[in-house]
Amino acid sequence: MNHDLLRRLTAELIGTALLVAVIVGSGIAAQRLSPDDVGLQLLENSTATALGLAVLILMFGPVSGAHFNPVVSAADWLLGRRYGTGLAGREVLAYSAAQVVGGIAGAVLANLMFQVSITELATTERDGAHLLLGEVVATAGLVALIFALARTGSGAVVAPAVGAYIGAAYWFSSSTAFANPAVTVGRMFSDTFAGIDPASAPMFVAMQVLGGAVGLGFVQLMYPAIAKDPA
């Protein structure tokens with residue numbers, strides 16, 4: 001493994017870990033600070049996540065692209081094959097592995113910071129067709145946004161735009177917009193407000209993959225050419 005790839009994988013692992021720590025940690029804090037108001041808990045959780053995600057993209061974007069999401073990494077590879085850009089196939093697998101490990105590490109870190117058991121898996125069941133549809137919609141929108149900005153030369157606003165989108169998607173999607181297989185796996189390891197029962201996770205991940213495909217189709221239809229940098 002060359003040094004550059006190792007550096008990028010480290011960025012993806014740490015970045016995903018911090019993202020999940022923000023999601024889970026703010027979820028625990030929200031549940032403790034506002035124990036009788038679920039709406040306020042969601043507001044606190046979504047605000048912290050939106051801001052934290054934007055900051056992490058700014059921090060790690062110059063190193064690895066700040067994917068923090070196997071669906072985004074796979075989309076980057078698929079869209080880049082025609083033009084020789086984006087990740088190589090073997091890098092997608094390496095990125096995805098780093099992201100999943102980071103997601104688990106981030107949940108454990110949040111548990112430790114808030115003195116939550118690290119040996120108990122989440123018990124919050126998240127099932128039902130409406131939640132699965134929410135994951136398709138949330139993930140499709142995320143992929144469409146990221147690559148629409150990339151293909152129109154608007155990469156400078158990716159961090160605030162993606163943060164804002166996820167913050168909004170917490171509210172407009174029935175599933176509260178996990179939209180990320182690595183985050184979904186990580187959230188299995190915290191039996192708290194932000195957790196997801198392991199039995200619910202496989203269908204969430206499947207719908208995220210489907211949503212990613214829908215988002216890719218939208219990008220190909222609406223933005224068929226890669227934007228060229230101005231000379």
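In this predicted model, the axes of α1 and helix α4 (residues 89-113) come within 6 Å and cross at roughly 35 degrees. The crossing in which α1 passes α4 is right-handed, and the residues that make up this contact divide into 16 nonpolar, 7 polar and 4 charged.

Helix α1 itself covers residues 3-33 and has 31 residues, with a reach of 44 Å from its first C-alpha to its last, which is close to the 45 Å expected at 1.5 Å a residue. Its N-terminal end is capped by N2, a side-chain oxygen of which lies 3.2 Å from the backbone nitrogen of D4. Within α1 sits G15, a residue that counts as buried because its relative accessible area is 0%, under the cut-off of 20%. When residues up to four places away in sequence are not counted, G15 touches L56, F60 and F68. G15 and A48 are 33 residues apart in sequence, and their C-alpha atoms are 15 Å apart in space.

A second helix pair is formed by α3 (residues 70-80) and α8, which pack at an angle of about 35 degrees with their axes 10 Å apart. Here too the handedness can be stated: α3 passes α8 in a right-handed crossing. On the α3 side the contact is made by V71, A75, L78 and L79, and on the α8 side by Q208, V209, G212, L216, V219 and Q220. These residues divide into 7 nonpolar and 3 polar, with no charged residue in the contact of α3 with α8.

Helix α8 has 22 residues and reaches 31 Å from its first C-alpha to its last, close to the 32 Å expected at 1.5 Å a residue. Its buried residues are A201, F204, M207, Q208, G211, G212, G215, L216 and V219, and these pack against α3, α5 (129-151) and α7. The spacing of such residues can be read against the geometry of the helix: an α-helix has 3.6 residues a turn, so residues three or four places apart point the same way.

Between the helices, several loop residues deserve attention, and the table sets out two of them by their backbone angle.

| Residue | Phi |
|---|---|
| F68 | near 55 degrees |
| A179 | near 55 degrees |

Both entries are positive values in residues other than glycine, whereas most residues other than glycine have a negative phi. F68 is found in the loop between α2 (38-64) and α3, and F68 counts as buried because its relative accessibility is 1%. F68 is also one of the residues that G15 touches, which links this loop to helix α1. A179 has its place in the loop between α6 (158-172) and α7, and A179 is likewise buried, with a relative accessible area of 0%.

A further loop residue is S190, which lies between α7 (181-187) and α8 (201-222). S190 counts as buried because its relative accessibility is 0%. The side chain of S190 makes a polar contact, at 2.7 Å, with the side chain of N111. Leaving aside its neighbours within four places in sequence, S190 is in contact with V24, I28, N111, E120, A122 and G195. Among these partners, V24 and I28 fall within the residue range of α1, while N111 falls within that of α4.

Definitions and conventions: Residues are numbered from 1 along each chain as its sequence is written. This is a predicted model: local features need pLDDT of at least 70, side-chain atom pairs count only at pLDDT 80 or more; totals for chains, interfaces and linings use all residues. Side-chain values use heavy atoms; hydrogens and water are left out. Helices (H or I, at least four residues) and strands (E, at least two) are DSSP runs, numbered from the N terminus. Buried means under 20% relative accessible area, exposed over 50%, partly exposed in between (1.4 Å probe, protein chains only). A polar contact is a pair of N or O atoms within 3.5 Å; within protein, one must be able to donate a hydrogen and the other to accept it, and residues adjacent in sequence count only if both atoms are side-chain atoms. Contact means heavy atoms within 4.5 Å. Axes are lines fitted to C-alpha atoms, for helices over the stretch in contact, and angles run from 0 to 180 degrees between N-to-C directions. A crossing is left-handed if the near helix is turned anticlockwise from the far one by less than a right angle, and right-handed if clockwise. Ala, Val, Leu, Ile, Met, Phe, Trp, Tyr, Cys and Pro count as nonpolar, Asp, Glu, Lys and Arg as charged, and the others, Gly among them, as polar. The expected span of a helix is 1.5 Å times one less than its number of residues.
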